[in-house]
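Me: I would like to go through the packing of this protein, starting from its nonpolar cores and moving on to its aromatic rings.

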Amino acid sequence: NENLRFINRQLGSGIRVRIELMLRKEGISIDQITGYGDEVYTHLDVAFHIFSGLADTGIATESAARQLNLRFTRLFEERFDMVTFKDVYFSENVQSFIELVRSEAFSRILHSMQGYDNRSTGKVIYASK
């Protein structure tokens, strides 16, 4: 619908790259999307623009949408990984961070935020030699 205004994430963000791949796959030109050039930097910024009437739609996390009581439709699931060199992995700071994300307190925080899943949180998924 040409009357709908879209709010976008900033150029170079992971979600922006994902949006552009999806549009290309569907054969949709960004020129067809009102507001495609309007950019914000966070998921909550997207939700706020919609909540305040500055935009009609955008791509954000479920948690951001729910914070402002917006309607949310899941398009895809996304996983985030921490990447580090092996020698840095064993440093005190990285180990403290890993301990935090594996903690029960962190798990409770994630469960309180809609749309987040911690089924692989803290799991080492690849180690090179």
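The questions and replies below deal with cores and rings.

Reply: This is a predicted model, in which local features need pLDDT of at least 70, side-chain atom pairs count only at pLDDT 80 or more, and totals for chains, interfaces and linings use all residues. Residues are numbered from 1 along each chain as its sequence is written, and side-chain values use heavy atoms, with hydrogens and water left out.

Me: Which elements give two or more residues to the largest nonpolar core?

Reply: A nonpolar core is a set of buried Ala, Val, Leu, Ile, Met, Phe, Trp, Tyr and Cys residues joined through side-chain atoms within 4.5 Å, where buried means under 20% relative accessible area, exposed over 50% and partly exposed in between (1.4 Å probe, protein chains only). The largest has 9 residues, including Ile 7, Val 46, Ala 64 and Leu 70. With helices (H or I, at least four residues) and strands (E, at least two) taken as DSSP runs numbered from the N terminus, the elements asked for are helix H2 (43–51) and helix H3 (62–67).

Me: Why does the pair of Phe 6 and Tyr 36 count as stacked?

Reply: Rings of Phe, Tyr and Trp (its six-membered ring) pair if their centres lie within 6.5 Å, and planes under 30 degrees apart count as stacked, over 60 as edge-to-face and the rest as tilted. Phe 6 and Tyr 36 are both buried. Their ring centres are 5.9 Å apart, and the pair is stacked because the planes lie at 10°.
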